[in-house]
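User: Please take a close look at the metal site of this model and then describe the enclosed and open spaces of the protein, together with any unusual backbone geometry. I would like one connected account.

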Amino acid sequence: MLSRADNEFLTQSGKGTPMGELLRRFWMPALLSEELPERDGPPKKIKVLGEDLLAFRDSTGKIGIVEPHCPHRGANLYYGRNEECGLRCAYHGWKFDTDGKCVDLPTSPPESSYKDTIRLLAYPVREWADIVWVYMGPRENVPELPQLELGLVPAASRYVTKKWQDCNWVQSLEGGIDTSHFSFLHKVLATDGEQMRAAMSKAALADQSKPDDRIRWVQNDARPRFQVLGHDVGLVIGGGRKTDGPDLYWRIAQVLLPNHAYTPAAFAGEIYYGQCWVPVDDGSCWIYSYCWQPERPLTNAERTKFAGGFNVHSEVDAGYMPLRNKRNDYLIDRAAQKHATFTGITGVSEQDAAIQDSQGPIQDRTREHLGPTDIGVGEFRKLLMGSARALARGEEPAAPRLAHRYAVRSGGWVASPDKDLATVMTERFGHPRGYVGGQYGLGD
Ligand code: FES
Ligand SMILES: [Fe+2]
């Protein structure tokens, strides 16, 4: 349970709020590379951390992320012309490059130096791992991009997309790291093929074709033993469940500051999944959902499966709005809920979205009652709020300066019950916190 003041502290991300300032110390996904497909193409309206911005790709392919209003008399540059390495205002022709520099001011005499005094707010931008990243913090200290494994593998080995979510980013991320809900929210009740087909997306069904002990262990043990370990850039949250014998089945998630989380299921050789929650404003966010396979390229069949909605990936329309969303009650099917799945909602991602949105645009944490399976959520809040409080006192967070430490994996493992989480992780990943940067020459 949080006080009203702490709940606001945790969930507000606007400029000048403590959490908003912390988020601005890190690179944020601003949009997907595919949203700016062509040079000199139309600019794109975006909103990040409550700030309205414009993104455009210039004639050389470089991307700018700038404030939308022209410094002359405030016209919106969205209506401007993206031409010859700059965005030209449609009102009186002032033109700006991707760095916000005024490169043409046709209403002043050519010999005038007035142009050199005019600037458009432009944030540093990088394009990496099929994502356009923006840094909205203090300019004197721009960090390196976090070296997520997603961006270290070849492009053919990853899949990246995004989906809209109608609630505050924190409660949605909390859903991502609360691995105890798998025993309920995502439960499949049906045993006969026809009912399952009625309840699951085609993609999910294809994957259910092989029987998996892990699903049964998760469904049968609703009280995983949790252990949380800190590391340089986040937390590891492990939940151990009973198997058929004496061993424990561990599901180990990663939380990476400030807003990434990796799912806990992958066994060695499988596909790794993660998400990044980027506030649009305090009542909605974009979730960048991604996956990667470090050992091989993804197949076309796998890409088709992800596009159809699978695991963290939603089935979305051309604007990345999930087809089953708040406006249509996620197309909940009450008959399927009785006989086929716990929710009657098709798709794991959509089941998550429905329940997270249902907590309200911003969950009222003054009324919650946490229990033993919420330990990961509690530790995440402590870490995030502690980092924001420290920053408000003038202590800069260390994580943005430790970009290589973001090269970690999460996943599952079966181990004897006397082993602690660090030992289990060393067995599974070769490192007690799941660090794999050494494989990419990033050092220990
Ligand atoms: S308002 Fe943009 S050039 Fe005048
Ligand atoms: Fe979930």
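Analyst: The account below begins with the metal site and then turns to cavities, a pocket, one helix and the backbone. The model is predicted, and local features are described under the confidence limits set for it.

The iron ion (ligand 2) is held by protein donors from His181 (NE2), His186 (NE2) and Asp352, the last of which is listed with two OD atoms. These donors lie 2.0 to 2.6 Å from the iron ion. Along the sequence, the donor residues follow the spacing H-x4-H-x165-D. The angles subtended by the 4 donor atoms run from 54 to 149°, and the arrangement is therefore irregular. A tetrahedral assignment would require all angles to lie between 85 and 135 degrees. Water is not among the atoms, so sites may look incomplete. As for the histidine donors, both His181 and His186 are buried.

The enclosed spaces come next. There are 2 cavities of 30 Å³ or more. The largest cavity has a volume of about 80 Å³, and the second largest cavity has a volume of about 50 Å³.

The lining of the largest cavity includes Phe26 and Trp27, the run Pro143, Glu144, Leu145 and Pro146, and also Leu257, Pro258 and His260. Ala399, Pro400 and Tyr406 also line the largest cavity. By class, this lining has 10 nonpolar residues, 1 polar residue and 1 charged residue. Two of the lining residues, Leu257 and Pro258, are joined by a cis peptide bond with omega near -5°. Pro258 is located in the loop between strand S15 (248-256) and strand S16 (260-262).

The second largest cavity has another set of lining residues, among them Trp164, Gln165, Asp166, Met321, Pro322 and Arg324. Asn325, Lys326, Tyr330, Ala353 and Asp357 also belong to the lining of the second largest cavity. Strand S12 (158-165) and helix H10 (348-357) each contribute at least two residues to this lining. Its classes are 5 nonpolar, 2 polar and 4 charged residues.

Among the open spaces, the second largest pocket has a volume of about 440 Å³. It is lined by 18 residues, of which Gly175, Asp178, Gln359, Gln363 and Asp374 are the closest to its centre. The elements that give two or more residues to the lining of this pocket are H4, H10 and H11. The lining of the second largest pocket comprises 4 nonpolar, 8 polar and 6 charged residues.

Helices H4 and H11 also appear in the packing of helix H1. Helix H1 (residues 4-11) has Asn7, Phe9, Leu10 and Thr11 as its buried residues. These buried residues pack against helix H2 (18-23), helix H4 (169-177) and helix H11 (375-392).

Finally, two residues other than glycine have positive phi values. Glu84, with phi of about 40°, lies in the loop between strand S5 (81-82) and strand S6 (87-88). Glu84 is exposed, with a relative accessible area of 62%. Ala129 has a positive phi of about 60° and is found in the loop between strand S10 (125-128) and strand S11 (131-134). Ala129 is buried, with a relative accessible area of 5%.

Conventions: Residues are numbered from 1 along each chain as its sequence is written. Chains are lettered from A and ligands numbered from 1 in the order in which they are written. This is a predicted model: local features need pLDDT of at least 70, side-chain atom pairs count only at pLDDT 80 or more; totals for chains, interfaces and linings use all residues. Side-chain values use heavy atoms; hydrogens and water are left out. Donors are N, O and S atoms within 2.8 Å of the metal (3.2 Å for Na, K and Ca); water is not among the atoms, so sites may look incomplete. Four donors count as tetrahedral if all angles lie between 85 and 135 degrees; four count as square planar and six as octahedral if opposite donors are over 155 degrees apart and all others between 65 and 115; anything else is irregular. Buried means under 20% relative accessible area, exposed over 50%, partly exposed in between (1.4 Å probe, protein chains only). On a 1 Å grid over the protein atoms alone, a cavity is a set of points where a 1.4 Å probe fits but cannot get out, and a pocket is an open set with protein on both sides within 12 Å along at least five of seven lines; lining residues have an atom within 4 Å of a point. Grid points are joined across faces, edges and corners, and a volume is the space filled by probe spheres set on the points. Ala, Val, Leu, Ile, Met, Phe, Trp, Tyr, Cys and Pro count as nonpolar, Asp, Glu, Lys and Arg as charged, and the others, Gly among them, as polar. Helices (H or I, at least four residues) and strands (E, at least two) are DSSP runs, numbered from the N terminus. Contact means heavy atoms within 4.5 Å.
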